[in-house]
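Subject: Structure handover

Hello,

Here is the structure I promised to pass on. My notes on what was found in it follow below.

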Amino acid sequence: PNTAACPSRPAACNGRTMKTTPKNVEDFILQGLPCEYIRVEGDGRHFEAVIVSPDFEGKGMLQQHKLVYQVLGDKMERIHALSMKTMTPAQWAKQQ
C-alpha cells in the first residue's frame, strides 16, 4: 500500500480506511469506564461527548478528562479531536 500520503499513520492507509463513528467512540469509552449516561456526536474526525460516570467522583475536570483519555488509549489515533463535558451522577442530576 502507498503510505506516502499519511506516513504518520500507515495502518490507516491500507486502502480500507475505517471512518470512526460517534458510536465507535461511545463504545471505546464504555469498554473501560462505567457510565450512567453517555452521548457522543461527531463527523468522523471531530467529536463532542457528554459523559456521566461515578468514577469521576472526587476528581476535578482535568482529572476526569485524563481518565477518559487513558480509557481511550491508542484509539485516540483514530480521533482527530474530542471535546468533552464530564460530570458525576450528582452533577448530572442537578442539570436534569
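Please keep in mind that this is a predicted model. I begin with Tyr-37, which is partly exposed, with a relative accessible area of 26%. The value falls between the 20% limit for buried and the 50% limit for exposed, so Tyr-37 counts as partly exposed.

Tyr-37 also belongs to an aromatic pair, and the structure holds 1 of these. Its partner is Trp-92: the ring centres are 4.5 Å apart and the planes meet at 20°, so the pair is stacked. The two residues are 55 positions apart in the chain, with Tyr-37 in strand β1 (residues 37-42) and Trp-92 in helix α3 (residues 89-95), and the pair thus links distant parts of the chain.

Another ring with something to note is Phe-28: Lys-75 lies over its face, at 5.6 Å from the ring centre.

Next, the interior. The largest nonpolar core has 16 residues, and those touching the most other members are Ile-29, Leu-33, Ile-51, Val-68, Leu-72 and Leu-82. At least two core residues come from each of α1 (22-30), β1, β2 (46-52), α2 (61-72) and β3 (81-87). Leaving aside residues up to four places away in sequence, Leu-72 touches Val-25, Phe-28, Ile-29, Ile-79 and Leu-82.

Last, the strands. β2 and β3 pair in the parallel sense, over 7 bridges. Between them the chain passes through α2, and this β-α-β crossover is right-handed. Ile-51, listed above for the core, stands opposite Thr-86 in β3.

Regards

Definitions and conventions: Residues are numbered from 1 along each chain as its sequence is written. This is a predicted model: local features need pLDDT of at least 70, side-chain atom pairs count only at pLDDT 80 or more; totals for chains, interfaces and linings use all residues. Side-chain values use heavy atoms; hydrogens and water are left out. Rings of Phe, Tyr and Trp (its six-membered ring) pair if their centres lie within 6.5 Å; planes under 30 degrees apart count as stacked, over 60 as edge-to-face and the rest as tilted. Helices (H or I, at least four residues) and strands (E, at least two) are DSSP runs, numbered from the N terminus. Buried means under 20% relative accessible area, exposed over 50%, partly exposed in between (1.4 Å probe, protein chains only). A charge sits over a ring if NZ of Lys or CZ of Arg is within 6 Å of the ring centre and within 35 degrees of the ring normal. A nonpolar core is a set of buried Ala, Val, Leu, Ile, Met, Phe, Trp, Tyr and Cys residues joined through side-chain atoms within 4.5 Å. Contact means heavy atoms within 4.5 Å. Two strands pair if DSSP finds at least two bridges between them. A crossover is right-handed if, with the strands pointing away from the viewer, the path from the first strand over the helix to the second runs clockwise.
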